[in-house]
Amino acid sequence: MADALALIKKYVHRLESAHEAERRRKSESFAREAFIHAPSHLQEILPPEFFIETSYGLRFNTRYVDVEPKGPHVARLLIKGVNGAELLIYKTPYATYGLCARIKCPTCGEPFTKEIKTPKELLTILEGKAEVSCPVCHFKKASEVIA
Ligand SMILES: [Zn+2]
């Protein structure tokens, strides 16, 4: 019996490692894709200095911003020297790219996302002053952004 159990454990472990490797591969692939394709969709939110025009089109200026893998469908946007907010790039159903922040409700602790559409929304989020309405407890207050 112990042998059979050991085999099951080994099998589950193997499946989980394969799943984890696949997830990592997809996350890295999405981050590369976002680095190349997201800039032209985010230029109305971020300052022009955050982009560089190349012969391949608009790219992020890595002096100010970078993209890191986060998940198979989201990548983390790093703004250099700015901590405290987790900003995510995602792909919309219309093959465009959007920006959102992960926010934690200060009352119930529920994490949720808030879309960012304008430079001002981005600034209020980075300064922790964004007005949010929690989908779970409907608490309304300045957000606590997940670092
Ligand atoms: Zn809440």
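**Strand pairing, core and salt bridges in a predicted model**

Ile52 stands opposite Arg59, a residue of strand β2. In this predicted model, a further pairing of the kind is found at Glu53, whose bridge partner in β2 is Leu58. Strand β1, which covers residues 51-54, runs antiparallel to β2 and is joined to β2 by four bridges. The two strands, β1 and β2, form a hairpin in which two residues lie between them.

The interior was examined next. The largest nonpolar core is made up of 31 residues, and those with the most contacts inside this core are Leu42, Phe60, Leu77, Leu87, Ile89 and Leu99. Two or more residues are given to the core by each of several elements, namely the helices α1 (2-37) and α3 (119-126) together with the strands β2 (57-60), β3 (65-69), β4 (74-79), β5 (86-91), β6 (97-104) and β7 (111-116). Of these contributions, that of β6 is the greatest, with four residues.

Nonpolar side chains are also found at the surface, where Leu5, Ile8 and Val12 form a patch with about 260 Å² of accessible area together. Val12 belongs to helix α1, and this residue counts as partly exposed because its relative accessibility is 37%, a value between the limits of 20% and 50%.

With regard to cysteines, the structure holds zero disulfides. Cys134 has a relative accessible area of 1% and is therefore buried, the cut-off being under 20%, whereas Cys108, at 37% relative accessibility, counts as partly exposed.

Charged side chains form eight salt bridges in the structure. In one of them, the side chains of Lys91 and Glu33 meet with an N to O distance of 3.1 Å. This pair links distant parts of the chain, since Lys91 lies in strand β5 and Glu33 in helix α1, 58 residues apart. Both partners fall in the partly exposed class, with a relative accessible area of 41% for Lys91 and a relative accessibility of 23% for Glu33.

A further salt bridge is formed by Lys117 with Glu115, the closest N and O atoms of the pair being 3.0 Å apart. Here the two partners are assigned to separate classes: Lys117 counts as exposed because its relative accessibility of 55% is over 50%, while Glu115, with a relative accessible area of 42%, is partly exposed.

Glu127, which is placed in the loop between α3 and β8 (131-133), forms a salt bridge with Lys129, and the closest N and O atoms of this pair are 3.7 Å apart. The relative accessible area of Glu127 is 44%, and the residue is therefore partly exposed, whereas Lys129, with a relative accessible area of 53%, is exposed. In addition to these pairs, Glu68, Lys70, Arg76 and Glu86 are joined into one network by salt bridges that share partners. Glu127 also has a spatial relation to another part of the chain: its C-alpha atom and that of Ala85 are separated by 8.7 Å, although the two residues are 42 residues apart along the chain.

Methods: Residues numbered from 1 in each chain as written. Predicted model: local features only at pLDDT ≥ 70, side-chain atom pairs only at ≥ 80, totals over all residues. Heavy atoms only, no water. Core = buried A, V, L, I, M, F, W, Y, C linked by side-chain atoms within 4.5 Å. Buried < 20%, exposed > 50% of the residue type's maximum accessible area, 1.4 Å probe, protein only. Pairing = 2+ DSSP bridges. Patch = residues over 30% accessible without salt bridge, like charges linked within 9 Å, V, L, I, M, F, W, Y side chains within 5 Å. Areas by Shrake-Rupley, 256 points an atom, 1.4 Å probe, with all protein chains shown as cover. Salt bridge = Lys/Arg side-chain N within 4 Å of Asp/Glu carboxyl O. Disulfide = S-S within 2.5 Å.
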